[in-house]
Amino acid sequence: MRVKCVLCDEVNQIDSYCLQAKRLRNRRIHTYMCQSCHDRIEKKTHERLNTGNFRFNRERKREHHLL
Ligand SMILES: [Zn+2]
């Protein structure tokens, strides 16, 4: 089955019986992402994690200051 990446419009061929195809058909919306877009987003997520701008981290730092 042919699938189109939602981000870059790249068209790929995936196995019609694979889990991904099944999911795409069930949802009826195209949420397919090609491998390069998937990797790019995953990288961005990791970069965001590495900036340490998490509330969790800030709270911990503030606590440390109070002590
Ligand atoms: Zn893509």
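**Talking through a predicted model**

Biologist: Happy to look at this with you! For helix H2, what end-to-end distance do the C-alpha atoms show, against the span its residues should give?

Modeller: Glad to help, and do keep in mind that this is a predicted model. H2 has 17 residues, and at 1.5 Å a residue these should span 24 Å. The value found in the model agrees with that expectation, because the end C-alpha atoms of H2 are apart by 25 Å.

Biologist: Staying with H2, how many of its residues are buried?

Modeller: To count as buried, a residue needs 20 or more other C-beta atoms within 10 Å of its own. H2 is hardly covered, and among its 17 residues the buried count is 0.

Biologist: Is Gln35 buried or exposed?

Modeller: Gln35 belongs to helix H2, which runs over residues 35–51. The cut-off for exposed is 12 or fewer other C-beta atoms within 10 Å. Gln35 has 10 C-beta neighbours inside that distance, so Gln35 counts as exposed.

Biologist: And how far apart in space are Gln35 and Cys5?

Modeller: In sequence, 30 residues separate Gln35 from Cys5. Taken C-alpha to C-alpha, their separation in space is 9.1 Å.

Biologist: Now for Leu24: which class of exposure does this residue fall into?

Modeller: Leu24 sits in helix H1, residues 19–27. A residue is buried at 20 or more neighbours and exposed at 12 or fewer, with one class in between. Leu24 has 17 other C-beta atoms within 10 Å, so its class is partly exposed.

Biologist: What is the C-alpha distance between Leu24 and Val3?

Modeller: Leu24 and Val3 stand 21 residues apart in sequence. In space, C-alpha to C-alpha, the distance is 8.9 Å.

Biologist: Which residue, other than a glycine, has a positive phi near 65°?

Modeller: Look in the loop between strand S1 (2–4) and strand S2 (11–13). The residue there counts as exposed, because it has 8 C-beta neighbours inside 10 Å. The residue with that phi is Asp9.

Biologist: Stepping back, in what order do the helices and strands follow along the sequence?

Modeller: The protein has 3 helices and 2 strands. Buried residues make up 1% of its 67 residues. Read along the sequence, the pattern is β-β-α-α-α.

Biologist: Last one: which element has the lowest mean pLDDT?

Modeller: Across the protein, pLDDT averages 81, and 72% of the residues score at least 70. Among the elements, S2 has the highest mean, 93. The lowest mean, 59, belongs to residues 55–66, helix H3.

Methods:
Residues are numbered from 1 along each chain as its sequence is written. This is a predicted model: local features need pLDDT of at least 70, side-chain atom pairs count only at pLDDT 80 or more; totals for chains, interfaces and linings use all residues. Helices (H or I, at least four residues) and strands (E, at least two) are DSSP runs, numbered from the N terminus. The expected span of a helix is 1.5 Å times one less than its number of residues. pLDDT is the predictor's confidence in each residue, from 0 to 100.
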